[in-house]
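Trainee: I am new to this structure. Please take me closely through one part of it, and then show me what lies around that part.

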Amino acid sequence: MGLVRNVRSSEEIPRAPSIWEELEAWSETFSAWQKVLLAAAVRSGVIPEPILEQAYSLFLAEHDLAPHPEPYPEIPTSVTGRDAGSRGRARLRAIHSPSGINRLPSSSELTFSDGLTVVYGGNGVGKSGFARILSNACFSRKQHPIYPDVFDEAAPSFPSAIIELVNEDGTPLSLTFDNSSEHPILKRGFVVFDSAVADRHLTETGPLGFVPTGFDVFAEMARSYAVLQSMLAADIERRSNKNNYLLAFDGGKTASSAMISTLGRHTNLEELRALGSFGPSERARLDQLQMFVDQLRGNSSGGTIRRLAEVRPQLVILKERLAETRNALSEQELSNDVGLLREALVAGKALAQLSVDTFAHPSIAAIGSPEWEKLIRASDAFVDLQHSHYPSEGDVCILCHQPLASDAIARFVSYREFAAGEALRRLTVANKLISERRARLLALHLSPVETGSLVQSFLDENYPVVLHAIVETLDAVEELRDSAVSALDGEGAQGNFAVADFDATLDDIIARVDRDLDLLQEKDRSSAIRAAEDELLGLRHREILSKCLAEIVAFVVDAKWVASADIARRYLNPRHLTEKEQALFATVIAEQYRNMLAAECEALSCSFSIEFRTQGRKGQTVRSLLIQNRSPDQILSEGEQRAVALADFLTEVQLNADNVGIILDDPVTSLDHDRKEKIAVRLVHEAKRRQVVVFTHDMVFFAKLCDASDRLEEKITTHWMQRSGDQNLPGMVSLNDGPTTTPQYRNTGFAEDSLAKAKVSIGSAQERLVRQGAGQLRRTVEEIVPQYLFKEVVRRWTDRVMVTALKRVAWDNSLVDDLVELFEACSAMMEGHSHTEDGAQVPPTPAKLEDLIRRAKDLIRRAKVSRDN
């Protein structure tokens, strides 16, 4: 909870959370579609159709009723554009470089002071262009369209401008306005009031007469919920179709007709698609069954029985051979092959190393090689053919036939021990296993379905899909077997292929053969015919189902969608909106809002007894602002309604600590002079707390703002917008300028500035500055008369006469004569005014202007004298 100041004092009172802070916190619990709706309701007032459609697509996606939209829309991180955790005190400094904004020229520029800035200008001078930039860039309850210059075909089509700010620490910040990008610092800190906003503050409440700022989003949210409900209801109706499919499944009850009769949200789509699968195998079975029926009726099934009896054992053999092939080339067996090769490699390396370590000789090459090992094994086997104690003393070498010396005998013994050793035995075993595995692979029967064989013709006639799958698998298996053999031979890489398992498929075929044999051999032919016809009907129904499967699946999908949509529909119940609005009304509005609104109404002279009433109604909390049990729009004038709307706006501003500036566009439309004066005073007070920017075409209101600023000693900055000279185009801004009755001209400051510039200029530039200074000084004389000479007895732009102020008037005829003389002298010198013949002959000089300024200062001093002094 923060602090706010009392409207009429500097007293700080506790501040309840603002409506915007509460809405931000509430939105954190929202789904994406709800955030999109709430952000649009807050920022635009009325949620546009495209946003409703976008929210609906997000709603459907959240409830798995549709895929996520592509591209996925950007979900607002802040529904109000206001970060409740930030309290930066940024200030507006300027708007410049407008492009594509009405008829504003790119050279137009407005600057803003920290306090009160007033932009004055008549109708059609371009004020609304700048006002709409701020309305759309800052926080406003109503966005306004911005159009380019319709009279210039070459004008830019898209609006843009530069908005200059200064941060709390004094650092400058430049933002680009493009009417689409949001700048949180503007949305958070600056609030706009204009005629459209006033209407939303007061009248856009249906039967109600008043809605506090921010609370109208609940009615709009409730409306959007109703729209989404209608969209969902329309989709539900479109997807709610009658099941007329059973009419096509006549002839009796089958699995297909049973499923069709119960089509709906509980239908298993996987089972439905499986039942609706009707391909060549099903077509072959249907033809086969029709043949069975014909044969049973004609008592001619003997040939079919013999063929089925012959093919059955061949199907069993086919199953066994396929299983044998699958097992032989299984992932486990191929992995074992890798292990065998690894073992042979390790054993070979170990044997080679042992051979070198034991028998290496510098004169003998390739000891330990496979050729050397074969030599040792061969000699060992050949020695076994000699006498049992070979080699011994007296024996000769089996190769060279020379007598063996003792060391040769010892080496022969070592060779025999090596041949009988573990290392050679390990390698021998590994090579044997590889050889045996290779032989088994080569022995596989990879052509169990030979062309023209009985089993091939049977499968081709009755199970063509199965036959095709088996042939394709065997082709791939042959390549896999060959690669496995090559890998064992060390001549290639092992292939990788998962061999299909046909056991269950062939078991079903064999079982069907058995059933068909039983059927054809059934003694009760009538019973057999009925059984065949029942199966035949089932296949025919499956064929019908297959032809309209896509349509039936769509029907089931729609039924499931409708069931899910009925569940999702509950999330469009607006009750939680009513409950939240009532809760926020208690926490945000409560007595604090009531008291502050009453104070604002009193400050603007629209005080009356306000009675708030709340109640829930169809998803929204409706409040009534009543005056004697009547709606304000039934009692109040248009001007009073505008004043109440402004009071409500200022109340909301006071309750939101984020608001560092307010922008008001013609806030006193339809108001009388007295209320204009009170609003002027109120806005000057407000300018002591935050930036206040006022756009107005009302000269009376402009004058009252200037007077109030002067009396309350609050600095005011005024700009005067006009049309340009010859071309009469809007957008000419005279900065720090305004109509004649402005406080800035109650001294000689402007004339002195022009004099200083003239002194450092030459030629025509100097003459222009001197004439400009004379014109500014003449306006000072115009201010001296009502302000100082007549002591504000009569003020311009007001119908009041301060009779008691006459007591302070110290009339001095010489002073009056001097004022008239100075006025005429300034008129003679200023540019564009009629000059006397003598005056026209002598160009105005800085010295002459300086003399006029001196005379004006003296007259101000003399005019300020009061009779009561």
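Mentor: What follows starts with a mixed sheet and moves outward from there. The model is predicted, so local features need pLDDT of at least 70 and side-chain atom pairs count only at pLDDT 80 or more, while totals for chains, interfaces and linings use all residues. Residues are numbered from 1 along each chain as its sequence is written, and side-chain values use heavy atoms, with hydrogens and water left out.

Take the whole protein first. It has 30 helices and 14 strands. Both are DSSP runs numbered from the N terminus: helices are H or I with at least four residues, strands are E with at least two. Of the 869 residues, 48% are buried. Buried means under 20% relative accessible area, exposed means over 50%, and partly exposed lies in between (1.4 Å probe, protein chains only). Now take contacts with a separation of 6 or more: 74% of them join residues 24 or more positions apart. A contact means heavy atoms within 4.5 Å.

Now the sheet. Six strands make up this open sheet, ordered S8-S11-S12-S5-S13-S14. Its pairing is mixed. Two strands count as paired if DSSP finds at least two bridges between them. S8 and S14 (732-734) are the edges. Each has a single partner strand, so one side of each has no neighbour in the sheet. From one strand to the next, the twist averages 15°. Such angles run from 0 to 180 degrees between N-to-C directions, and axes are lines fitted to C-alpha atoms, for helices over the stretch in contact.

Stay with the edge strand S8, residues 190-193. In a regular strand, side chains alternate between the two faces of the sheet. In S8, Phe190 and Val192 point one way. Val191 and Phe193 point the other way. All of these residues are buried. S8 runs parallel to S11 (residues 661-665), and four bridges join them. Two facing pairs help you find the spot. Valine 192 is opposite isoleucine 663 of S11, and phenylalanine 193 is opposite leucine 664 of S11.

A helix also packs here. H4, residues 127-137, lies on this sheet and touches S5 (116-121), S8, S11, S12 (691-696), S13 (716-722) and S14. The direction of H4 makes about 145° with that of S12.

H4 has a second sheet to deal with. H4 lies across S3, S4, S6 (160-166) and S7 as well, running at about 115° to S3. Those four strands form an open, antiparallel sheet in the order S4-S3-S6-S7. S4 and S7 (172-177) are its edge strands, each pairing on one side only. Here the twist averages 15° from one strand to the next. S3 and S4 are joined by three bridges in the antiparallel sense. One of the partnerships sets isoleucine 95 against leucine 110 in S4.

Look next at the loops around S3. Most residues other than glycine have a negative phi, and most peptide bonds are trans. The loop between S3 and S4 (109-111) holds asparagine 102. Phi of asparagine 102 is near 50°, a positive value in a residue other than glycine. Asparagine 102 counts as partly exposed because its relative accessibility is 24%.

On the other side is the loop between H3 (49-62) and S3 (91-99), where proline 71 sits. A cis peptide bond links glutamate 70 to proline 71, with omega about -5°. Histidine 63 also lies in the loop between H3 and S3. With a relative accessible area of 17%, histidine 63 is buried. Apart from neighbours within four places in sequence, histidine 63 contacts Ala568 and Tyr571.

Finish with a pair of helices. The axes of H2 (residues 32-44) and H7 (residues 216-239) come within 9 Å and cross at roughly 135°. H2 and H7 are therefore oblique to each other. The scale is this: under 35 degrees is roughly parallel, over 145 roughly antiparallel, 65 to 115 roughly perpendicular, and the rest oblique. In H2, Trp33, Gln34, Leu37, Leu38, Ala41 and Val42 meet Val217, Glu220, Met221, Ser224, Tyr225 and Leu228 of H7. The residues of this contact divide into nine nonpolar, two polar and one charged. Nonpolar covers Ala, Val, Leu, Ile, Met, Phe, Trp, Tyr, Cys and Pro; charged covers Asp, Glu, Lys and Arg; the others, Gly among them, are polar.
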